[in-house]
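Please look over the sequence and the model below before reading on.

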Amino acid sequence: MSHDSYADQYIRGILNSVKTIAVVGVSPNTIRPSYFAFKYLLERGYRMIPVNPGHAGRELLGQTVYAKLADIPEPIDMVDVFRSSEHALGIVQEAFALKPLPKVIWMQLGVRNDEAARLAEANGIKVVMNRCPKIEYGRLSSEIAWMGVNTRTISAKKAPLPTRGIQRLSLDRPTLSGGATGAATRAQSKTGS
Amino acid sequence: MIDRTTERTPGFATLAIHAGAQPDPTTGARATPIYQTTSYVFEDVDHAASLFGLQTFGNIYTRVGNPTTAVLEERVAALEGGTAGLATASGHAAQVVAFHCLMQPGDEFVASRKLYGGSINQFNHAFKNFGWNVNWADPDDMSSFEKAITPKTKAIFTESIANPGGVVCDIEAMSLLAKKAHVPLIVDNTLATPYLWTPIEQGADIVIHSLTKFLGGHGNSIGGMVVDAGTFDWSRDDRYPMLSKPRPEYHGIVMHETFGNFAFAVACRALALRDIGPALSPFNSFLILTGIETLPLRIRRHCDNALAVAQWLSGHKKIAWVSYPGLPGDRYHKLARKYVPKGAGSVFTFGLKGGYDAGIKLVSNVKLFSHLANIGDTRSLIIHPASTTHRQLTDEQKVASGAGPDVVRLSIGIEDKDDIIADLEQALA
């Protein structure tokens with residue numbers, strides 16, 4: 001499949017189906033983007049597993065940090081790659097050793113490795129590249145619109161209320177594609193973080 | 001993979017009604033509620049910390065964000081084809097907020113000489129007090145922009161259709177200059193509105209609006225907007241520390257690294273709006289949102305009426321000239337056909353053979369036109385810039401910005417065009 005753009009329902013399907021996410025390369029530094037994403041997804045109810053060899057054995061937001069994917073003692077639905085593009089292939093190869101196999105390999109905003117993607121897809125693993133699951137969760141639930149961000153969705157359906165928390169919106173919102181323009185798409189492909 | 005029924009891109013009129021809005025998740029209210037509140041309760045201490053640290057999405061205090069205003073921000077961003085929007089208390093405030101995120105004291109920017117008089121004042125005086133120095137250039141001579149760019153230049157600023165003279169700027173050419181100089185191009189798109197022109201398509205990196213004008217459209221609310229196109233690479237060098245360096249205001253966050261292609265909008269909110277304070281009232285956001293729903297219908301009518309009035313004025317014996325880019329033969333007609341083929345807006349100027357005194361007489365004689373200092377209202381408006389909006393400028397600046405002593409500016413409303421013309425006819429008699 002093409003990885004230049006993704007249908008909203010593909011992304012929503014992934015975020016709605018995965019429960020356990022291993023984040024490779026997450027930083028314990030509280031101002032780093034990887035920490036932001038980890039904390040947000042943890043607050044949204046995902047089982048989050050930090051992977052960072054420099055911090056193995058310590059805890060990050062109450063979750064035990066592992067040195068590598070193979071050390072995680074439970075099944076993982078999704079591997080979120082917070083490493084630069086050239087490391088993605090190695091991480092995908094590590095993921096192949098897991099039993100059961102993860103369902104999704106997600107490479108962060110700015111991370112793209114087409115060889116790693118082909119290898120994963122050939123083995124039945126879904127792939128997302130150059131996107132952030134926090135931003136996509138915020139966009140498809142429309143929480144991110146509180147920051148004035150163009151969610152590129154529209155809907156005349158009332159979203160279900162999340163069962164817990166305040167200032168939270170549901171991911172299960174039926175939407176049509178909204179104001180996706182050439183400009184926004186070009187911009188998205190150029191992001192550098 | 002792509003389901004064509006859900007993935008097709010909606011048209012402009014659909015976005016003007018729906019973008020940003022949805023039925024209220026709690027009450028089912030279909031119109032966007034007015035969240036007239038200063039503040040929002042936290043779930044717990046940790047939630048508060050996440051909000052203050054920009055680690056999660058949500059509302060803290062209406063100076064920094066408000067759910068009604070957020071709908072407006074997303075809507076204008078969607079209409080312009082940008083990644084995010086940031087609403088402000090006025091168009092002027094939008095400019096302060098945007099430049100605050102680009103400029104350090106001693107920096108420069110290049111601006112088109114043909115601008116709204118208020119912007120000329122803001123750049124010449126208020127901005128100079130901040131140490132932000134403007135270099136003026138002539139939009140009819142691109143080489144003047146190139147000459148005005150120095151190593152200290154941090155941005156190029158222009159209006160797409162310039163107020164009051166009906167100048168159509170060659171945004172594509174300006175964008176090429178901006179890219180060559182590695183500075184963002186800022187376009188004030190107030191007079192065109194995104195219905196007629198989306199300058200991001202031609203390379204604008206930041207779009208500014210006075211929502212007070214056609215977007216709100218009913219002359220009832222002041223407001224402004226900054227739209228982030230998401231196109232500029234803030235981290236290419238060290239020239240934009242608000243975006244590319246750890247911010248002490250936010251315990252070391254690097255905006256571009258953290259927020260990617262909507263980092264400029266977040267910087268405008270977190271670093272400028274939070275600390276400078278010109279937030280838009282949620283009630284104004286509601287009124288402006290309601291206005292935007294009919295933007296395509298209104299602008300079409302505004303343009304039809306304006307063309308009819310401009311044609312009529314061109315044939316009148318007391319009129320020396322009419323500057324409306326929609327008229328064949330106008331010096332900007334070719335650019336208008338390229339950039340605004342649906343219509344050249346409804347704000348334009350004309351010259352009276354009788355000069356300054358004839359201008360004063362005309363604004364006194366009209367009965368349907370309102371004599372006031374605004375544009376982009378449902379009502380037809382008239383002003384004599386030399387004696388009002390542009391009076392603080394020197395005579396030379398007045399002429400340079402298209403507001404000489406003989407000039408009258410019209411903002412043609414959406415009344416019946418025969419009534420608009422009849423009023424001008426009796427007032428000129």
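What follows is a set of questions and answers on confidence, core and cavities.

This is a predicted model, in which local features need pLDDT of at least 70, side-chain atom pairs count only at pLDDT 80 or more, and totals for chains, interfaces and linings use all residues. Residues are numbered from 1 along each chain as its sequence is written, chains are lettered from A and ligands numbered from 1 in the order in which they are written, and side-chain values use heavy atoms, with hydrogens and water left out.

Q: Over which residues of chain B does pLDDT stay under 50?
A: pLDDT is the predictor's confidence in each residue, from 0 to 100. Where pLDDT is low, the predicted coordinates should not be read in detail. In chain B, pLDDT stays under 50 over residues 1–5.

Q: Which helix of chain B gives the most to the largest nonpolar core?
A: A nonpolar core joins buried (under 20% relative accessible area, 1.4 Å probe, protein chains only) Ala, Val, Leu, Ile, Met, Phe, Trp, Tyr and Cys residues through side-chain atoms within 4.5 Å. The largest has 166 residues, and B:Leu54 is one of those touching the most other members. With ten residues, the top contributor in chain B is helix 12 (residues 263–276; a DSSP run of H or I, at least four residues).

Q: What is the volume of the second largest cavity?
A: A cavity is a set of points on a 1 Å grid over the protein atoms alone where a 1.4 Å probe fits but cannot get out. The structure holds three of 30 Å³ or more. Residues lining the second largest (an atom within 4 Å of a point) include B:Arg269 and B:Leu273. Its volume, the space filled by probe spheres set on the points, is about 50 Å³.

Key: Buried < 20%, exposed > 50% of the residue type's maximum accessible area, 1.4 Å probe, protein only. Helix = DSSP H or I, 4+ residues; strand = E, 2+ residues; numbered from the N terminus. Contact = heavy atoms within 4.5 Å. 1 Å grid on protein atoms, 1.4 Å probe; cavity = no way out; pocket = protein on both sides within 12 Å on 5 of 7 lines; lining within 4 Å.
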